[in-house]
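Work through the exercises below with the sequence and the model open. Each task is followed by a solution in steps.

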Amino acid sequence: MGGVTQFIKELRDGDERAADRLLSAVYDELRRLAAGKLARERPGQTLQATALVHEAYLRLLGAEAGHWENSVHFFAAAAEAMRRILVDSARRKGRVKHGGGLHKRELDEADAIVMPDSIDLIALDEALEKLARRDKAKADLVILRYFAGLSVEQAGRVLGISRATADRHWTFARTWLYNEISKGDDPA
Amino acid sequence: MASVWHEKLEEVFSVALAKRPGGDRTTYLSSACADDAELRTQVEGLLGAHDRVGSFLDVPPVDFDATRERGEPPESVGARIGRYKILQEIGEGGFGSVYMAEQQEPVRRKVALKIIKLGMDTKQVIARFEAERQALALMDHANIAAVLDAGATDTGRPYFVMELVKGVAITEYCDKSALTTRERLELFLPICHAVQHAHQKGIIHRDLKPSNVLVTMHDEKPVPKVIDFGIAKATGQRLTEKTLFTGFREFLGTPQYMSPDQADTGGPDVDTRADVYSLGVLVYELLTGTTPLDAEDLRGAPFEEMRRIIRETEPAKPSARLLTITGTHDRAAFTRAHRADGATIARQIRGDLDWIVMKAIEKDRTRRYATAKDLADDIDRHLRHEPVVAGPPSAVYNFSKFVRRHRVGVFVGSITAVALLVGLTVATLGLIEANRARDAAEAARANERVQRTRAEAGADEARQQAAKSATVGGFLQEMLASVDPSRARGREVSVRYILDEAVKRIAEGTLAQQPEVEATVRTTLGETYQALALYAAAEEHLRAAQTIRSRLLGDEHPDTLRSNRALAGLLRVRGRFAEAESLLRRTAETQRRILGDDHPDTLTTMTELALALWGPGRYAEAEAIHRQTLGTQLRVLGEEHGDTIESMGNLGAVCRALGKSAEAETHLRRALDLCMRVLGQEHPCTAEIMNNLGLLLEQQRDLENAENLFRRTYDLTRRILGPDHPNTLIPMNNLLRVLHARNETNAIHPVVAERMDHLRRIAERPGANALAVHAYAWELLHCESGNLQDPRTALPLASRAVEMDGATDATMLETLATAFERTGDLDSAIETQRTALERARAGGPYNRAAIESKLVDYLLSKRDLIGAAGVSWAGLGALLEDSLLIGQIPGASLVTSAEALTEQARYDEAASALRGCLAMRQKALPEGHWLLADTISRLGAAVAGTGAYAEAEALLLDAHAAMEVNHRTPAERKRQAAERLVELYEAWGKPDRASEQRLRINAAAAPSESIPPDAGD
């Protein structure tokens, strides 16, 4: 423990490599928490993403939680980690589906996570990549909002933009992504 | 960095979006994309997409769902498990899977086999099942599916074998068959009877919910069957306090059907009334299509928050809930399923059925129907158009909640410990206050009382005792005499003063050579302190007496045992019920052995034990003991003995709490007769029984006679105890509650003012006890007549009360914290509230959730989020809401909850949430900030909902004006604020002003062209 706050400190001191270490620590923690849920949870009970991310937040940052600058780095890392976990899992599940049949497969942590049927995470991820190439800030906003469960205002704070700007970015990015994904479905 | 072109795309899109579709937008696009056809195509594509985007990405995706099958392979057809052969899978749920199976011996039949998921301790599950197997076998009811067997599969998973029921969940059946309200109730009745049957065999279901009540067809008639009896208990783990982080969902049962009692303990204390609650939820759902508590709220909530919701959230009445069904789809579905629309059903339900359902799902189980049969009987009465037992709960209930905050409380069940002491204290008090000094004759009389009580206490050692009593009496007399009349003149001499002098003397070693006398004196001191509600001091002396006696006389001496009883009585009064219980059980056992079952000491201990069980609500156990004790006393002491009469009164009181009204009335009336005849009207016992009878009549909705009784009790206690004695507040509070229930507004205010005055007088008496000072401080902070509130006066009083009490009582600390907060000293409020929480955690009958949530509020007002999160899950919830918005938008969670409340038409609560939010924001935001105006506007809408239109108008106009002035106000908020005004005037019946206002909105909307300015810092 203490690692995460250390990484954040290094990051704030300008050590870019700390970002990777932070991401990897948060990623591991989220997977570990999800695995814990998988093993411990009793039937009929669900848990929301926000709770998971914030559980990791309090666990990893301990007394440092609540310090504004730490939160910024943490949530940025957590959103990215959560995105990777979910998209990877969606890819694996997709492969299983394409393989057909009822092959038994190993359990993984993301099995504890239920995706809304209406959203194709893989397509979303591709569209996000595309958006990021054009406008990274907006893609980051979406990742914070969608994968870390932050509100638009909160995500805006992480990115250091005002609430109104965040709202405007959000409206645009969400519409853009929607348009991008539905182009795939709909040749018109 | 965003590409320049992309930024341009966003800008044009954003501006175009703010324009009205059609002319404005087209004009704008033509000019903005004049030379860039690609840009225009893209913007138009996005504008089109925007219309369809819906809630895309608005809901975070991650939901952990532990109900998913996790790769455990299904049992294959033909496989054998024990004596059973699997035929096919018929169901699957969070618990595991259900199969149709064939039993081959001893009889060949089809059964249902339920295999529980891995992850449970199979051995324990089966052991728990075995423990209940015999009881389960005794159940024989057409509406109960028998549980036949249990065992473990080869892979170590527990399974249960049940009678095979081919049916669907009752809710599904009712909706698919489009049953009317009456048909639904008729189908519900046999379920109550089935549950009652199980209860009579000692089986509690613990997990009643629609999927455990299946409807199967028998001769073309629907027959409901309750399944899974005994399974929840066998598979359930006890609900325990987990740490903050691992505390997720170690939960037995389904939260929206779970009673607060079960959610809180989950363990051995759950009784049949937990099932009554679940039945209430089930019938609520059958009538309205929704459960009283929102399943989504509960699912999303962290563990502690979930328990808090279950414990505290007051659901809407069924008829009110029906009116909040929104969405055309939901409405149509409801109408199809019920053969009538929500408004029609709401009219059918309003009144009787509302009351019946709300009584079944009372948070406090003592206010529920005592049995499933009582619930069924009331529904049956409704169906036969007879008057029902349940009554409108709101007024009485709400006000009784208010009264409960006064720790003075109801003096039900306090009789035994207090009677003697009140006698002693009253004599002493009367003595001192009547004469302002002591008078030899009166002192002698007080002394006599002491001697008499002592003499009664130990008949067999009468002579020795008498000598000792003389010494004791002499000691106290000396103490009284030590108050110099010349010094006493001009100021009152308090009992407290005398006691403290006595303590000083003991400390000086005056009684060192006579430990037995010291023990007796300390007992008297302890009991007197207790009567004065100075509990910490009382405990010190009672414990010292107990220690001396145990050392001197041994643990089995009658005096030591009596000391045990006295100490346990104090522990009970201090709310340490478990400690009291174990000491009393030990003591009673020894007394039985040494003195016999019929000895008065044994009986007194048993009575005390019953009262200790009463404290935490174990009424049935308390009842059994009172009943047995009364039986013995009637035989040994006869009907006209004081102890017998007290027991009879206690039994009546506990019967009342258990809802056995008829029996309660018999005992109480008989006890009152005897009391008047034997002890005389002017006796505390008479007052207490009269008070309990009043409570019973109140419960039976005979409010007029209840009011009369409370008035008589009030007069009586004033006479016996004097107008300033704290105990006169009890009937006064009861009287107030009934006056509220009867809506006698004019009669209320004088009583409230009188109470304030009374509390002030008591508190201002020299030597007033902590309780009295606290009661006055509390009243100054919370009194329902706002003009009587006075936090500045309350603060030093609350502080004094805490000091006098030795800072042991959480409620007093909480009051002090409130006083700090109300006078603007938030730091001290937080520190004090933290101490209160610590004390509450250590024990006592405290509502910890309420203390916690207030602490969280204080911390949030200080923006100490991490502190808030550390306090509880409620704090964490607030952290999620606010952590990143700090400095920007405090109170967002309150706004959210106010919105939810407004949707449920709970305007009063919404308004108070918004007032809280406003208070927070006023502290955090600069004057004139648009968010303040926004909050005031929302508050205005909530106030309008309550019908206070004039007040609402003032708020809404203010808010609107403030927004107009502040150019940073987002246009959307401005529009909402204006629309609230329109809605107000419409509701108020002022269409002219409504349309005037609407015109203004339209006029304002037209010229707006710019993007809303940034509202951030």
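**Exercise 1. A strand pair**

Find the bridge partner of B:Ala112 in S7(B), and describe the pairing and the burial of S5(B).

Solution. The model is a predicted one.
- Step 1: B:Ala112 has B:Met162 as its bridge partner in S7(B).
- Step 2: Strand S5 covers residues 109-116 of chain B and strand S7 covers residues 158-163; the two are antiparallel and share 5 bridges.
- Step 3: S5(B) is mostly covered, since 6 of its 8 residues are buried.

**Exercise 2. An open sheet**

Give the strand order of the open sheet that contains S8, S9 and S10 of chain B, and say which strands stand at the edges.

Solution.
- Step 1: The sheet has 3 strands in the order S8-S9-S10, and the pairing is antiparallel.
- Step 2: S8 (168-169) and S10 (221-226) of chain B each have a single partner strand, so they stand at the edges and one side of each has no neighbour in the sheet.
- Step 3: S8(B) is joined to S9(B), residues 213-218, by 2 antiparallel bridges.
- Step 4: On S9(B), the residue opposite B:Val168 is B:Val215.

**Exercise 3. The helix across the sheet**

Describe how H6(B) lies on S9 and S10 of chain B, and what its buried residues pack against.

Solution.
- Step 1: H6 spans residues 181-200 of chain B and lies across S9 and S10, at about 30° to S10(B).
- Step 2: From first C-alpha to last, the 20 residues of H6(B) reach 29 Å, close to the 28 Å expected at 1.5 Å a residue.
- Step 3: The buried residues of H6(B) include B:Leu185, B:Phe188, B:Ile191 and B:Val195, and also B:Arg184 and B:His197.
- Step 4: Besides S9 and S10, the buried residues of H6(B) pack against three helices of chain B: H5 (170-176), H9 (272-288) and H16 (372-383).
- Step 5: Just after H6(B) comes B:Gly202, with a positive phi of about 85°.

**Exercise 4. Two helix pairs**

Classify the H24(B)-H25(B) pair and the H44(B)-H46(B) pair as roughly parallel or roughly antiparallel, and give the handedness of each crossing.

Two packed helices are described by the angle between their axes and the distance between the axes.

Solution for H24(B) and H25(B).
- Step 1: The axes of H24 (residues 535-553) and H25 (residues 558-573) of chain B cross at roughly 160° and come within 9 Å.
- Step 2: An angle over 145 degrees counts as roughly antiparallel, and H24(B) and H25(B) are therefore roughly antiparallel to each other.
- Step 3: H24(B) passes H25(B) in a left-handed crossing.
- Step 4: Among the residues that meet are B:Leu542, B:Ala545 and B:Arg549 in H24(B), and B:Ser563, B:Leu567 and B:Leu570 in H25(B).

Solution for H44(B) and H46(B).
- Step 1: H44 (residues 930-945) and H46 (residues 971-988) of chain B pack at about 20°, and their axes are 10 Å apart.
- Step 2: An angle under 35 degrees counts as roughly parallel, so H44(B) and H46(B) are roughly parallel to each other.
- Step 3: The crossing of H44(B) and H46(B) is left-handed.
- Step 4: The residues in contact include B:Trp930, B:Ser937 and B:Ala941 in H44(B), and B:Arg973, B:Ala977 and B:Leu984 in H46(B).

**Exercise 5. Two residues and their exposure**

Explain why B:Ser550 and B:Thr26 count as partly exposed, and place each in the chain.

Solution.
- Step 1: A residue is buried with 20 or more other C-beta atoms within 10 Å, exposed with 12 or fewer, and partly exposed in between.
- Step 2: B:Ser550 lies in helix H24 of chain B and has 18 other C-beta atoms within 10 Å, so B:Ser550 is partly exposed.
- Step 3: Leaving out residues up to four places away in sequence, B:Ser550 touches B:Asp555 and B:Thr560.
- Step 4: B:Asn564 is 14 residues from B:Ser550 in sequence and 9.5 Å away in space, C-alpha to C-alpha.
- Step 5: B:Thr26 belongs to helix H2 (residues 23-32) of chain B and is partly exposed because 13 other C-beta atoms lie within 10 Å.
- Step 6: B:Thr26 and B:Glu44 are separated by 18 residues in sequence and by 9.9 Å between their C-alpha atoms.

Notes. Residues numbered from 1 in each chain as written. Chains lettered and ligands numbered in written order. Predicted model: local features only at pLDDT ≥ 70, side-chain atom pairs only at ≥ 80, totals over all residues. Pairing = 2+ DSSP bridges. Helix = DSSP H or I, 4+ residues; strand = E, 2+ residues; numbered from the N terminus. Contact = placed C-beta atoms within 7 Å. Axes fitted to C-alpha atoms, helices over the stretch in contact; angles between N-to-C directions. Expected span 1.5 Å × (residues − 1). Parallel < 35°, antiparallel > 145°, perpendicular 65-115°, else oblique. Left-handed = near helix turned anticlockwise from the far one by under 90°.
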